[in-house]
Amino acid sequence: MQHSGVGFGTSGARGLVTAMTDAVCFAYTAGYLKHLATLGEFEPGMRVAVAGDLRPSTPRILRACVAAIVASGGEPVFCGYVPTPALCLYAFAEGIPSLMVTGSHIPADRNGIKFNRAHGEFLKQDEVGMRAQEVTLPEGWFDAGGALVAPVALPPVTEVVPAYVARYRAFFGDRALAGLTLGVYQHSAVGRDVLMQVVEALGGEAVALGRSESFIPVDTEAVRAEDAALARGWAAEGRYDAILTTDGDSDRPLLADRSGTWLRGDVLGILAARYLGAAAVTTPVSSNTALEKAGFAQEVRRTRIGSPFVVAAMTEAAEAGIVPSVGYEANGGFLLASDVTSDGRVLPALPTRDSVLPMLCALVAARESDGVEALLRTLPPRFTLSDRLTEMPTAVSQARIAELAAAPAAGAARLGFVAACGAVTEVDETDGLRMRFATGEIIHLRPSGNAPELRVYVEADTPERAAALLELGIGAVSAWRMG
């Protein structure tokens with residue numbers, strides 16, 4: 001871990017493809033299984049489910065993971081190239097470990113491995129336990145460059161998609177989307193065809209848009225200008241009631257209204273939580289505060305950014321009897337800690353990020369509000385935006401943010417924030433540095449947990465003001481690159 005260049009972020013192990021050699025991926029997987037063995041969740045002879053996204057490097061990494069499973073005495077179950085939540089739905093139901101080879105939204109020169117326990121996501125304490133394991137690579141299995149010497153074949157595919165589609169048809173009904181024409185921006189998302197199946201299973205018309213044979217790093221939290229333009233262009237045709245897409249491993253959603261405007265994930269999360277009648281809602285500190293202002297939840301819990309933190313807090317709420325207990329992230333990924341019952345239909349818990357559920361909740365709710373645009377107007381007017389400063393060393397970001405946290409008033413003044421937003425009235429260091437100003441506006445700075453990037457989040461009362469704040473924030477921290 002220390003020397004490979006492949007480290008743990010908020011969503012598992014990630015690194016450059018060149019650093020993720022077969023030997024490194026083998027070692028990570030072997031350490032993962034040894035950790036599960038200490039918990040009684042793995043032993044020789046047990047099945048381990050694996051799947052992957054559509055990155056060019058994914059098949060090779062999958063074979064290295066399968067080699068480690070076999071060497072550890074396990075039986076690999078290959079679920080194919082499918083959405084992360086489809087893999088998890090299968091593995092959690094079977095009570096077996098699972099891992100997903102994916103880099104999510106990051107560029108194709110990087111990849112990752114997301115590990116799961118038998119009934120839920122890998123949490124931060126699991127990372128600590130995994131780090132403590134000693135792993136010895138089998139002698140003669142790898143060449144000097146860390147590549148497997150002998151070829152490893154992936155097992156035949158075990159189908160998991162039908163059960164994933166059936167999950168939503170059973171809860172929402174096969175006419176839930178009847179009469180709607182929905183564009184599905186396919187790009188290179190692993191769930192691009194699955195999303196088409198879900199729409200059609202619920203009675204809607206699905207139209208494939210923008211399919212790509214090369215990997216496109218669609219980030220649901222920092223939408224590329226190209227993706228914004230594509231959505232507006234498709235919407236201009238006047239054919240679509242909404243446009244749907246996901247990130248690379250299809251656990252994070254992106255939904256656009258009839259005008260082609262992509263909804264923020266934290267707004268989509270509010271709509272979904274309200275539709276499901278959530279009593280407890282857990283979300284990271286960076287998410288839109290319209291959640292609290294909407295007032296429907298009995299309890300709101302704020303966490304650090306990353307699904308492991310959301311899972312832990314929403315599970316605590318469920319165990320305390322505050323149900324339904326749900327969670328979501330600013331990237332739109334939605335999680336269920338408890339079952340949801342509506343009109344006699346039950347949606348079973350799925351404590352991992354899902355992209356399909358929040359989009360379906362919003363689309364079904366919008367049918368009673370004359371479209372997604374009208375549904376959005378039922379929420380308190382708070383608007384969030386985010387972007388990232390790329391090629392920003394994590395160590396530099398951490399040092400600068402520490403300096404700012406030590407003297408936030410003076411530091412915010414130097415960056416131009418006080419002149420724009422008034423005095424600093426509140427500072428939150430739950431994850432990075434989140435500053436609230438006299439105007440009620442928010443600027444939040446945080447180093448990415450997955451790449452050398454600095455994330456900037458803002459919140460204001462109008463979309464125009466949020467855009468201005470984001471421009472100010474990115475411009476101010478860009479100077480940090482200069483030292």
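**Exercise 1. The five-stranded sheet**

Which residue in S13 stands opposite Val-281? Describe the sheet around this pair.

*Solution.* This is a predicted model, in which local features need pLDDT of at least 70, side-chain atom pairs count only at pLDDT 80 or more, and totals for chains, interfaces and linings use all residues. Residues are numbered from 1 along each chain as its sequence is written, and side-chain values use heavy atoms, with hydrogens and water left out.

Step 1. The residue opposite Val-281 is Val-326 in S13. Helices (H or I, at least four residues) and strands (E, at least two) are DSSP runs, numbered from the N terminus.

Step 2. Strand S11 (residues 280–284) and strand S13 (residues 325–328) are paired in the parallel sense over three bridges. Two strands pair if DSSP finds at least two bridges between them.

Step 3. S11 and S13 belong to an open sheet of five strands with mixed pairing, in the order S12-S11-S13-S14-S17. Strand S12 (299–303) and strand S17 (350–354) are the edge strands, each pairing on one side only. From one strand to the next, the twist averages 15°.

Step 4. On this sheet packs helix H10 (residues 307–319), which touches S11, S12, S13, strand S14 (334–336) and S17. The direction of H10 makes about 165° with that of S13. Here axes are lines fitted to C-alpha atoms, for helices over the stretch in contact, and angles run from 0 to 180 degrees between N-to-C directions; contact means heavy atoms within 4.5 Å.

**Exercise 2. The four-stranded sheet and helix H11**

Determine the strand order of the sheet that contains S7, and locate H11 with respect to its strands.

*Solution.* Step 1. The order is S8-S7-S9-S10, in an open sheet with mixed pairing. Its edge strands, each pairing on one side only, are strand S8 (205–211) and strand S10 (253–256). Direction ignored, neighbouring strands of this sheet are turned by 25° against each other on average.

Step 2. Strand S7 (residues 181–187) runs parallel to S8, and six bridges join them. Opposite Gly-183 stands Val-207 in S8.

Step 3. H11 lies across S7, strand S9 (242–246) and S10, and runs at about 25° to S10.

Step 4. Helix H11 (residues 356–366) is mostly covered, with eleven of its eleven residues buried. Buried means under 20% relative accessible area, exposed over 50%, and partly exposed in between (1.4 Å probe, protein chains only). Among the buried residues of H11 are Val-356, Met-359, Cys-361 and Ala-366.

**Exercise 3. The cysteines**

How many disulfides does the structure hold?

*Solution.* Step 1. The structure holds zero disulfides, a disulfide being a pair of cysteine sulfur atoms within 2.5 Å.

Step 2. For Cys-65, the nearest cysteine sulfur is that of Cys-25, 5.6 Å away. Cys-65 counts as buried because its relative accessibility is 0%.

Step 3. For Cys-361, the nearest cysteine sulfur is that of Cys-88, 19 Å away. Cys-361 also counts as buried, because its relative accessibility is 0%.

**Exercise 4. Two helices in contact**

At what angle do H5 and H6 pack, and which residues meet?

*Solution.* Step 1. Helix H5 (residues 161–172) packs with helix H6 (residues 192–201) at an angle of about 35°, and their axes are 9 Å apart.

Step 2. In H5, the residues Val-161, Tyr-164, Val-165 and Arg-169 meet Val-194, Gln-197, Val-198 and Ala-201 in H6. An α-helix has 3.6 residues a turn, so residues three or four places apart point the same way.

Step 3. Six residues of the contact of H5 with H6 are nonpolar, one is polar and one is charged. Ala, Val, Leu, Ile, Met, Phe, Trp, Tyr, Cys and Pro count as nonpolar, Asp, Glu, Lys and Arg as charged, and the others, Gly among them, as polar.

**Exercise 5. Two strand residues**

Is Leu-389 buried or exposed, and which residues does Ser-98 touch?

*Solution.* Step 1. Leu-389 has its place in strand S18 (residues 383–389). Leu-389 counts as buried because its relative accessibility is 4%.

Step 2. Beyond its neighbours within four places in sequence, Leu-389 is in contact with residues including Pro-452, Leu-454, Ile-474 and Arg-481.

Step 3. Ser-98 lies in strand S5 (residues 98–101) and, at 0% relative accessibility, counts as buried.

Step 4. Not counting residues up to four places away in sequence, Ser-98 touches Tyr-32, Ala-49, Leu-87, Ala-91, Lys-114, Phe-115 and Asn-116.
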